[in-house]
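Here is a set of short exercises to work through with the coordinates open. Try each task yourself before reading its solution.

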Amino acid sequence: MFSHLREDLACVFQRDPAARTTWEVITCYPGFHALTLHRFSHWLWGLRLRWLGRFVSHFTRWLTGIEIHPGASIGHRVFIDHGMGVVIGETAVIGDDCTLYHGVTLGGTSWNKGKRHPTLQQGVVIGAGAKVLGPIVIGAGAKIGSNAVVVRDVKPGATAVGIPARVIESVKDQVREDKAEKLGFSAYAVTRNEDDPLAQAIHGLLDHAVETDRRIERLLHYIERAGVSVEDDMATANKFDPNYLSKIVD
């Protein structure tokens, strides 16, 4: 039990730059409270003290805003950031080193008994508001974008975004996402196959930025080969304000 507590505290400091002291985490972090109380309710559930386990889970929900069924299996060093509105179903399995943000649902799509909730393998990251539904498997190291709705398996290391979620597989999609991340903006839940003109405009801007960067890099390569130093000229480059795109989509 105490080893779990130490691991839970350590992972908060590793993944949340806002964490300052151990006392602050112990007293003010609902994700830490929810996981600690869940381990107790899960232990009661294993002893077949089902009502008592559900009561502890219900109390935890009232205290933290995070609902974890006592039957859910949660591994080591799991971090729930903020946590308000997180719902984790009875047959959900969360592997070691996973991270969940607020509003995440690990839910079911059937009223049948048996396995009906997702399995997250090691190191999965699920963005705010994402819904992962059904007895599917999210592979190790996969990332689920904010507000995505995932109803199919996701391969290890893949990134899934959108409604319904699609896995970013093409080189062009991956380059676009990498460029968005460098700019400090990620258009999670905005997919190419939507009719929304704003979504099309954002992807068009990202594609143009990628192509422009490619051409500039090529030009700089030839300029440097000609013996012209470009370091001073580039010192003032890349002054992009990521808040600009945020204002556009607000």
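**Exercise 1. Count the disulfides in this predicted model, then classify Cys28 and Cys98 as buried or exposed.**

Solution.
- Step 1: Recall that a disulfide is a covalent bond joining the sulfur atoms of two cysteines.
- Step 2: Apply the cut-off, a pair of cysteine sulfur atoms within 2.5 Å. The count comes to 0 disulfides.
- Step 3: Turn to accessibility, where exposed means over 50% and buried under 20%. Cys28 has a relative accessibility of 52%, so Cys28 counts as exposed.
- Step 4: Cys98 has a relative accessible area of 0%, so Cys98 is buried.

**Exercise 2. Find which residues of helix H4 are buried, and work out on which side of H4 they lie.**

Solution.
- Step 1: Start with the helix itself. H4 runs over residues 50-64, 15 residues in total. From first C-alpha to last it reaches 21 Å, close to the 21 Å expected at 1.5 Å a residue.
- Step 2: List the buried positions of H4: Gly53, Val56, Ser57, Thr60 and Thr64.
- Step 3: These residues cover an arc of only 100° around the axis, and therefore sit on the same side of H4.
- Step 4: Look at what covers the buried residues of H4; helix H3 (30-46) and strand S1 (67-68) are included.
- Step 5: Now turn to the other side of H4, where Trp51, His58 and Trp62 are exposed.
- Step 6: Finish just past the end of H4, where Gly65 has a positive phi of about 80°.

**Exercise 3. Trace the open sheet and say which strands stand at its edges.**

Solution.
- Step 1: Write down the order of the 6 strands, S3-S6-S9-S12-S14-S15, and note that the pairing is mixed.
- Step 2: Look for strands with a single partner. Strand S3 (79-80) and strand S15 (166-167) each have just one, so they stand at the edges, and one side of each has no neighbour in the sheet.
- Step 3: Check one pairing inside this order. Strand S9 (residues 125-126) and strand S12 (residues 143-144) pair in the parallel sense over 2 bridges.
- Step 4: In that pairing, Val125 is opposite Lys143 in S12.

**Exercise 4. How many salt bridges does a search of the whole structure find, and which residues are linked in a network?**

Solution.
- Step 1: The search gives 8 salt bridges.
- Step 2: Take the pair Arg39 and Asp8, whose side chains meet at 3.2 Å, N to O. Arg39 belongs to helix H3 and Asp8 to helix H1 (residues 2-15), so this pair links distant parts of the chain, 31 residues apart. Both Arg39 and Asp8 are buried.
- Step 3: Next, Arg15 and Asp97 form a salt bridge, their closest N and O atoms 3.8 Å apart. Arg15 is in helix H1 and Asp97 in the loop between strand S5 (93-94) and strand S6 (99-100), so the pair ties together parts 82 residues apart in sequence. Arg15 is partly exposed at 22%, and Asp97 is partly exposed at 21%.
- Step 4: Then take Arg77 and Asp96, with closest N and O atoms 4.0 Å apart in their salt bridge. Arg77 lies in the loop between strand S2 (73-74) and S3, and Asp96 in the loop between S5 and S6, so parts 19 residues apart in sequence are tied together.
- Step 5: Put the network together: Glu7, Arg15, Arg77, Asp96 and Asp97 are linked by salt bridges.

Notes
Residues numbered from 1 in each chain as written. Predicted model: local features only at pLDDT ≥ 70, side-chain atom pairs only at ≥ 80, totals over all residues. Heavy atoms only, no water. Helix = DSSP H or I, 4+ residues; strand = E, 2+ residues; numbered from the N terminus. Expected span 1.5 Å × (residues − 1). Buried < 20%, exposed > 50% of the residue type's maximum accessible area, 1.4 Å probe, protein only. Arc of directions from axis to C-beta. Contact = heavy atoms within 4.5 Å. Pairing = 2+ DSSP bridges.
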